[in-house]
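Got the viewer open? Here is a short walk through the model, one selection at a time.

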Amino acid sequence: MRFDDIVGQHSVVKNLKNSIANGRVAHAYMFCGPDGVGKSVAALLLAMSVNCRSGVVDPCGICPSCIRARDGNHPDIISVRTSKAIIHVDQMRELQCDMQKKPYERGTKEYIIYQSEKMNDEAQNCLLKTLEEPPKHVIIILLCQSSYSMLQTIVSRCRVLRII
């Protein structure tokens, strides 16, 4: 997988590639857009690129880090999914505890929170505390359909990329 495999999202791809190439990856991203447009792929590619041992913008796909990420068992890329209607504050507190732990491999841990609009207000406020003072080794990637479903204070602390 490469960033250029994301079809029709030139500005988003360019933004992510420039951030990685210039060493200016943000501590938090919010990928907004309808289901099926590539939010999950973009989030995984970002996480893979940051952890890739090749040192280039696109993940190489052949180093052990890329292989584990592609297979879904990388210890420093944590996917947060829920089948419930709401993401509760307890789940965010567990994430906060895990975020305090150092990465297993390279310098960062990535947390991809799917359907982040499912967070209730308590959970969003809990996450907000982490976004205000993020651990240096953590990148949080929120995936949602619309930034309007999130607290404005969370949106203001993320680099928002609209994938349409």
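Start by selecting the buried residues of H5: Ala123, Gln124, Cys126, Leu127, Leu128, Thr130 and Leu131. Keep in mind as you look around that this is a predicted model.

What do those buried residues of H5 pack against? Add strand E1 (28-32), helix H4 (89-99), strand E4 (138-144) and helix H6 (152-155) to the selection, and you have the partners on screen.

While H5 is up, try a quick check on its length. The helix covers residues 121-132, twelve residues in total, so at 1.5 Å a residue it should span 16 Å. Put a distance between its end C-alpha atoms and you get 16 Å, in agreement with that expectation.

Now keep H4 and H5 and hide the rest. Their axes come within 8 Å and cross at roughly 15°. Because angles under 35 degrees count as roughly parallel, H4 runs roughly parallel to H5. The crossing of H4 past H5 is right-handed. To see the contact itself, show side chains for Val89, Met92, Arg93, Gln96 and Met99 on the H4 side, then Glu122, Ala123, Cys126, Leu127, Lys129 and Thr130 on the H5 side. Colour them by type and the contact of H4 with H5 splits into six nonpolar, two polar and three charged residues. Two of the H5 residues to linger on are Ala123 and Cys126: both are on the list of buried residues, and both take part in the contact with H4.

Next stop: another helix pair. Select H2 (residues 39-51) and H3 (residues 64-71), whose axes come within 9 Å and cross at roughly 160°. That makes H2 roughly antiparallel to H3, since the cut-off for that label is over 145. H2 also passes H3 in a right-handed crossing. Show Leu44, Met48 and Asn51 from H2, and you'll find them meeting Ser65, Cys66, Ala69 and Arg70 from H3. By type, the residues in this contact of H2 with H3 are four nonpolar, two polar and one charged.

Last, pick out alanine 26, in the loop between helix H1 (10-21) and E1. Is alanine 26 buried or exposed? Its relative accessible area is 14%, and because buried means under 20%, alanine 26 counts as buried. Setting aside neighbours within four places in sequence, alanine 26 is in contact with Ile139 and Arg159. Then draw a C-alpha to C-alpha distance from alanine 26 to cysteine 158: the two are 132 residues apart in sequence, yet 7.8 Å apart in space.

Technical notes. Residues numbered from 1 in each chain as written. Predicted model: local features only at pLDDT ≥ 70, side-chain atom pairs only at ≥ 80, totals over all residues. Heavy atoms only, no water. Helix = DSSP H or I, 4+ residues; strand = E, 2+ residues; numbered from the N terminus. Expected span 1.5 Å × (residues − 1). Buried < 20%, exposed > 50% of the residue type's maximum accessible area, 1.4 Å probe, protein only. Contact = heavy atoms within 4.5 Å. Axes fitted to C-alpha atoms, helices over the stretch in contact; angles between N-to-C directions. Parallel < 35°, antiparallel > 145°, perpendicular 65-115°, else oblique. Left-handed = near helix turned anticlockwise from the far one by under 90°. Nonpolar A, V, L, I, M, F, W, Y, C, P; charged D, E, K, R; others polar.
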